[in-house]
Amino acid sequence: MSGENQGGAIVPYSEEAKKPVVYPLRHGLKPPISRLGISWSRGNSLRVTVFRQPSEDSENEVGGKAVEVRLDGRDGEISDAQWRRIAYGSVSPFALLQSRKNSFASLSKISSTTSPFDAEWWEYVLEYSKDISSLLGNQTSTTQSLIEDPKEVLKDPEPSNLKAAWELMESFYADKLSQAWLPERLVDWLADYDSLFSSTQETVHSKLVDFQKDLVSLQVIEDEPKYWEVMSSALAVGWLDIVVKLLRLHGSYQLDQLGNRETENGLVEAVAVLISKMPRMRPELEAGKLGECFKAKPDFMKAWEKWRAQIAKLECSTFWIQCAHRQTQEGLRNMLQIMLGNTNNLCTLTCHWMELYIAHFLYIRPFTVGLESMYGLAQKCIQLKPMAASHRLMGLLIGILGENIEVVLAECSKGFGPWMVTHAIEVLTAGSHQADTLLHEERDNLGGISMEELHRLVYAQVLSSHPLTWQIAPIYLTSCIKQGMGLLEMLLYKQPVDHNQLLLKNLEICRLYELDSVSSNIMKIAGMYNWKHGKKGSGVYWLQQARDEARLNRIAQQMFDSVGRSISDENFRQWEGLIQLLGSEPKTAGGLEFLHNYRDFKKSLLQIRDGKTTDAARQAVESLISLMKNPCTPQRFWLPLLHDSLKLLNWEERPLLNVLQTNLLLNKLQELSIARLRPDFIEADLPPHALSSVRLALATNLGRTTLEEQ
Amino acid sequence: MDKAVATLDKGTTCSSWNYCGQRLATGSTDGTLSIFDSPDPSSSSFTCNLKTKVHAGAILKVVWVPPEFGDAVACICSDGSLLLWEEIVEDAQPLQWKLCKSFESTSTQVLDVQFGVSSTSLKLVAAYSDGHVKVYELLDPLILKNWQLQAEFQNAIDSVTMFRKASCISASISWNPQKGENQGSSFVLGFNSDTPQLNSSKVWEFDEAHNRWLPVAELALPEDRSDEVYAVAWALNIGRPYEVIAVATQKGIAIWHVGANPELDGRLSVEKVALLSGHGGEVWQMEWDMSGTTLATTGSDGMVRLWQSNLNGVWDEQAAFQPTA
């Protein structure tokens, strides 16, 4: 697998760069299909509409189907609910790490010597890694034995590939302390996850599982060749506690037999003791695990030599001749051969290269250090014992050992999907400078973003495609410097506005990230939706929130037209409530302030008609004058206003307007006559003689008031 | 991985999802417009809640009006007319779908229509079978009834010559999807016609200062200019320094990079970065995803294909979907 041909792949859909995978798209329609339609839904779900060619014969046939295709690159190993739990759970570790990274970055600006990769940075990364890992399943060990049943050697948890992959990366990149004892980490790793390979081929784990089934029915266990074979295999991969437990099931331990089989039992016990005393190059062992730990290499080497000498001594011992039970003698000596590092035995007893690889670390090359020699050894083992089928975990491990970060990324992406890549990048960049450079370099081919950002964008799109997870996408998008906000804006724009709770959530996100123009657009859409769907009040409310002057002015116009039609109209009461709701915030819309005055004016006119006279009439005149003086009053309303006021202008008892006021109105009328000559003038819906009757009324009033004032 | 979300009636010919993917509009051969909704936003199962006969003939294409202007669709009908239907509550009447505008044309047919939102107004571009393009502007943002013809031109760089006898089979329009206050209006348009000069895709931009539409880029190499265009698609841009536009002709799907700022002659710099072949014959439709990085296409081979650029800038087919029963 070359980096060039895999490293370029950025999407989880493809297996190979050149040949695209063809997936079936099941629609369940009878052929013939006439046409397809496509549309991206939120995130990266694609909706395909399949149209059927209509046939003459049947009446009630289906004409087509709309099918949704999810492109999130997830396999079926983890259920939807479990996946959402992981997605939600990983938000806070991710966000915490980002904020720590930001404070580290600002610190390093102050003192240029501090790099985020020094000091305690990796401890934060390890903490993050442990948090993520704990989401992927409980820490369980397959080889842990149960006390209750001496014959149960294996527990049966269900480890996940996701967790196995995460732990690999944690060991190699995040946990600096484990660098000195990587081979032993791999021994533990295989002990936990060997069962994952069982689905495609035989493994030591599957052998043990099979044998466990037979165990209950076996009378004389040491006569059974499988007993010895399974023990040897388990020993080869270092599952010492299981081997010792199985050895102690040997018949010679039974009280009634001890007398006759003393030597035999001594040999079994000697081997069991040697196994449990095996020196291990590691700081510590979990409770229940066997072996003696050494932190320093010289101590380990010394202990190792001594241990091997003891095995060699036992091997040459004369006691073997006195052992009457043939199977026991052969089985035990085989086990000694394993511990002495007999390549042929190890090769036969292990089932695939990873097991052989572990056996090499344990018995042949216990002093292996450095990725280069680990990689070389892996290559050798792959040649000797290839896997029956390629496995995504193995692809990842080879990438890690080969120190090819591009392969690691590609394997993560291909094998485990966008969630994995996005979160693993934090670990990769902390553990490798090569990864750091590769992932943070801005690329023209990607439109100027880095690979890190690209993967986060892809993951955010996956989150966006589900109504239950889109709300966490902003966390990832805001960590993208260049294109995250752009995608966030698109995501928010594509949320439906017709559900109030969703709308409020949407606006809350806008407020949080200061996306004012997006939020005003969303409110505009909500306003229009409500306005057009009969909820005029909330329509106006949202348009006001959006400060959409253009639409509010149009609404004001509509209301004016409606109110102006006739004051007695039932419409008026309807609109009055609406105007009330608008309040009198002067800034929201000038037109609406005008409407407010207009309502007062209309009210006074109504009172005049209802019998209350001169006082109401004076008030109506006040309102009229203030309306006509107000620059917010649209010109096209002047004539309707004056026409409504004819009764006031022709007030019988005495003129209500003084000279100054009458002149003001006459001037307005003049201005209006000139404006009417312009082509864009909108004629009010009034009787044709409206203008002349107003002019006449004003002239009469001017005459009367002049006389009165003299 | 795939899940049926709606079942369509017999005779359905076209469909369109609204801005948030929560409503589906379909048109059929008997002129029925159907609207599908889902009971709540987290559900992905859509049922038909409304059927209304909008035309005597068939509906060929349905396009949603942008949500800032209400819930409305434009229907292109078999006689070449263009109808705007809107969901609205009027006075005391219940919610209903009403015809709010009919763009009739006697001699020519509407081939494609697309809406563009600028900061202040809604524009509608319609491409006609005689090779003409008409841009209408909505006068009142509250009512979809009053439209003003803002411009009429032909899809040619040379604006002087008129191609009188053009006969077009199809046209494809795609607006620059960019939203925002300072965004001018621009769209890309290509024809499938018998007049070579009209075919190639051109990017049209509105020149505010002179109140006219100008061709600012041509998305075809000199030797490909007469190629019939099946479909165009302008990618969303969430932060790239250049625009990406896909153009499908019988030679394949070309991916173009278009510069953001005009050069001295007022033109935008263009670069053809890939030519993708996959569908063999005609390309029916192309759609960019919300990040503007994945292009989905469908065509006469009956497949849906997904295209992406890799880290080296090389465009490849990433996956294909074969419809099966």
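## A tour from strand β24(B) to helix α6(A)

Begin by selecting strand β24(B) in this predicted model: the side chains of Val304(B), Leu306(B) and Gln308(B) point one way from the strand, those of Arg305(B), Trp307(B) and Ser309(B) point the other way, and all of these residues are buried. In a regular strand, side chains alternate between the two faces of the sheet. Six of the six residues of β24(B) are buried, so the strand is largely enclosed by the rest of the structure.

Next, add strand β23(B), residues 295–299, which pairs with β24(B), residues 304–309, in the antiparallel sense over four bridges. Within this pair, look for Ala296(B), which stands opposite Leu306(B), and for Thr297(B), whose bridge partner in β24(B) is Arg305(B). Where the chain passes between the two strands, the hairpin has four residues, and Gly302(B) takes a positive phi near 75° there.

Now turn to strand β25(B), residues 315–324, which pairs with β24(B) in the antiparallel sense over six bridges. Select Ser309(B) again, and you will find Trp315(B) of β25(B) standing opposite. The hairpin of β24(B) and β25(B) has five residues between the strands, and in this hairpin Gly313(B) takes a positive phi near 80°.

To place these strands in their wider setting, show the open sheet of five strands, which runs in the order β1(A)-β25(B)-β24(B)-β23(B)-β22(B) with mixed pairing. Strand β1 of chain A, residues 21–26, and strand β22 of chain B, residues 283–288, stand at the edges, each with a single partner strand, so one side of each is left without a neighbour in the sheet. Going from one strand to the next, the twist averages 25°.

Finally, move to chain A and select helix α6(A), residues 182–193, whose 12 residues should span 16 Å at 1.5 Å a residue, which agrees with the 16 Å between its end C-alpha atoms. How many of the 12 residues of this helix are buried? The count is 11 of the 12, so α6(A) is largely enclosed by the rest of the structure. Among the buried residues to pick out are Leu182(A), Leu186(A), Trp189(A), Leu190(A) and Tyr193(A), and the charged-looking names Glu184(A), Arg185(A) and Asp192(A) belong to the buried set too. To see what surrounds them, display α5 (161–174), β5 (279–280), α16 (353–364), α17 (371–384) and α18 (392–401) of chain A, against which the buried residues of α6(A) pack.

Note on methods: Residues numbered from 1 in each chain as written. Chains lettered and ligands numbered in written order. Predicted model: local features only at pLDDT ≥ 70, side-chain atom pairs only at ≥ 80, totals over all residues. Heavy atoms only, no water. Pairing = 2+ DSSP bridges. Axes fitted to C-alpha atoms, helices over the stretch in contact; angles between N-to-C directions. Buried < 20%, exposed > 50% of the residue type's maximum accessible area, 1.4 Å probe, protein only. Expected span 1.5 Å × (residues − 1). Contact = heavy atoms within 4.5 Å.
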